[in-house]
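Trainee: Could you take me through one part of this model in detail? I would like to look closely at the surroundings of the ligand, and then at the core.

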Amino acid sequence: MGHCPCFGLRKKADKEEKLKSQQEQHNKVFDKKLNSPHNNVSPEKYSGITTPEATITTKESDNYYSNNKAHIFTFRELATATKNFRDETFIGQGGFGTVYKGKLGKLNQVAAVKRLDTSGVQGEKEFLVEVLMLSLLRHPNLVNLIGYCAEGDQRLLVYDYMPMGSLESRLHNLPRDKEALDWNTRMKIATGTAKGIDYLHNKAKPSVIYRDLKSSNILLDRGFIPKLSDFGLAKFGPTGDQSYVATRVMGTHGYCAPEYATSGKLTRRSDIYNFGVLLLELITGRKAYDEDRGHDKHLVDWARPMFKDRKNCSRLADPRLQGHHPGSRLTMAIELASMCLREEPRQRPDAADIVLALDFLSSKQYVPREANNIDEKDKENNNDSPKGIITVLTKDEQREEAVAEAKLWGKTWRERKQNDQSSLEEINR
Ligand SMILES: Nc1ncnc2c1ncn2[C@@H]1O[C@H](COP(=O)(O)OP(=O)(O)OP(=O)(O)O)[C@@H](O)[C@H]1O
Ligand SMILES: [Mg+2]
């Protein structure tokens with residue numbers, strides 16, 4: 001997925017057109033380089049980059065997995081790993097570069113190699129930010145940067161290879177004969193993604209605003225463990241008394257938080273808005289922005305009017321789930337998405353609250369047998385508050401679930417209220 005051109009970034013489509021000629025040109029250059037005696041240009045420019053809390057190592061002999069040390073590759077190593085960036089190793093095309101699958105001979109490991117288009121200042125900046133961020137950050141729901149290459153004009157990033165591809169490819173670009181993601185997997189992906197965001201916002205020091213949360217940037221490891229990728233647009237902060245980071249507005253169609261689009265003031269709550277869009281994508285199976293849907297091309301605009309009435313819940317559910325989703329927990333997932341998508345940033349939940357709520361939603365595996373009861377449940381659960389669920393449940397187990405749910409959501413609301421005052425000051429500052 002490309003970035004929104006009105007936000008000042010280049011379109012992926014343009015890049016795909018350019019790709020072929022670049023590839024041909026590169027192949028010629030590369031063949032020359034291989035035969036040149038100067039092909040091992042040292043990346044001195046990037047040696048020993050220091051950050052507030054980490055030093056990116058430059059020694060190939062170091063163990064690249066320990067102490068967040070990024071491995072430095074030569075261009076030749078990565079060209080060999082990807083069979084000279086041949087089509088057969090091509091994985092995908094992004095707004096800033098092309099991704100190839102490669103086998104790192106020396107490390108005996110399969111990896112994803114992203115070759116950046118460094119024709120602009122933006123590409124160079126993204127490269128540096130990505131290396132710095134991923135060298136500082138480490139979490140099970142963040143993609144692991146194995147290393148990089150900064151040789152001459154070449155800028156390449158090397159990541160752990162994610163065998164299940166991107167969430168975008170699993171959710172939107174799935175061939176008809178492939179089975180759609182089931183409800184439990186969708187909730188697992190949402191929960192892991194929220195944990196990644198919670199880590200960036202509340203645990204990383206300094207904290208980080210991700211800024212580019214979207215389905216193409218959620219990569220899936222074995223077992224559908226989600227990993228956030230692409231930190232080139234991420235920002236440290238805000239720090240000290242500052243409540244926002246002033247930036248040039250950048251983002252992707254359908255994801256951008258309204259207040260960020262108009263003011264350029266970036267806060268953690270803009271990431272929360274992006275998360276709301278992503279959660280809605282998981283629930284509905286629709287793209288955040290889809291030209292083919294005409295009037296309904298913006299997912300949020302299409303879904304928002306339906307948030308108010310519980311009767312609409314099944315209408316919002318992805319038809320490819322074929323009714324195999326829980327009644328009450330679908331309603332709660334929709335409610336959570338609507339909270340994240342609130343126009344007023346301070347009314348959106350904190351990432352930690354979202355993790356709590358999603359942990360609860362995914363704590364009990366959905367078994368398709370429940371699908372038969374959906375219509376009946378939805379008829380019953382037409383209250384707007386989670387407490388409404390309690391009054392209509394009769395079985396003990398369901399009652400327990402509802403009580404836990406009410407407690408959890410009650411806690412979330414109380415905490416948010418307490419935080420609202422400080423958030424208000426933050427936003428208005
Ligand atoms: N580590 C990885 N393992 C497996 N596949 C990957 C990996 N990194 C990227 N990809 C694949 O390559 C595609 C292109 O990735 P890239 O991040 O360059 O662009 P994008 O996310 O589609 O768009 P944008 O540049 O706007 O972020 C992804 O959609 C994904 O399918
Ligand atoms: Mg990406």
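Mentor: Happy to; here is the ligand shell, followed by the nonpolar core and one helix.

A word on conventions: this is a predicted model, in which local features need pLDDT of at least 70, side-chain atom pairs count only at pLDDT 80 or more, and totals for chains, interfaces and linings use all residues. Residues are numbered from 1 along each chain as its sequence is written, while chains are lettered from A and ligands numbered from 1 in the order in which they are written.

Let's start with ligand 1. Around it are 26 residues, and the closest are G92, G94, G95, A112 and M162 (a residue is near a molecule if its C-beta atom, placed from the backbone, lies within 6 Å of it). Two or more residues of this shell come from each of β2 (90-93), β3 (97-104), β4 (109-116) and α4 (167-171); helices (H or I, at least four residues) and strands (E, at least two) are DSSP runs, numbered from the N terminus. The largest share, 3 residues, belongs to β2. By type, the shell holds 10 nonpolar, 13 polar and 3 charged residues (Ala, Val, Leu, Ile, Met, Phe, Trp, Tyr, Cys and Pro count as nonpolar, Asp, Glu, Lys and Arg as charged, and the others, Gly among them, as polar). Ligand 1 lies between domain 1 (10-160) and domain 2 (167-428), because both give residues to its shell; these bounds come from an automatic or database domain assignment.

Now the core. The largest nonpolar core has 94 residues, of which Y148, V158 and L279 touch the most other members. Such a core is a set of buried Ala, Val, Leu, Ile, Met, Phe, Trp, Tyr and Cys residues joined through C-beta atoms within 7 Å. Helix α7 (residues 268-284) supplies the largest share of this core, 9 residues, and at least three residues come from each of domain 1 (10-160) and domain 2 (167-428). Leaving out residues up to four places away in sequence, Y148 touches A70, I72, F73, V131, L156, L157 and V158 (contact means C-beta atoms, placed from the backbone, within 7 Å).

Finally, helix α5 (residues 183-203): 16 of its 21 residues are buried, so the helix is largely enclosed by the rest of the structure. Buried means 20 or more other C-beta atoms within 10 Å of a residue's own, exposed 12 or fewer, and partly exposed in between, with C-beta atoms placed from the backbone. By contrast, R76 is partly exposed, with 15 other C-beta atoms within 10 Å, and it lies in helix α2 (residues 75-81).

Technical notes
Contact = placed C-beta atoms within 7 Å.
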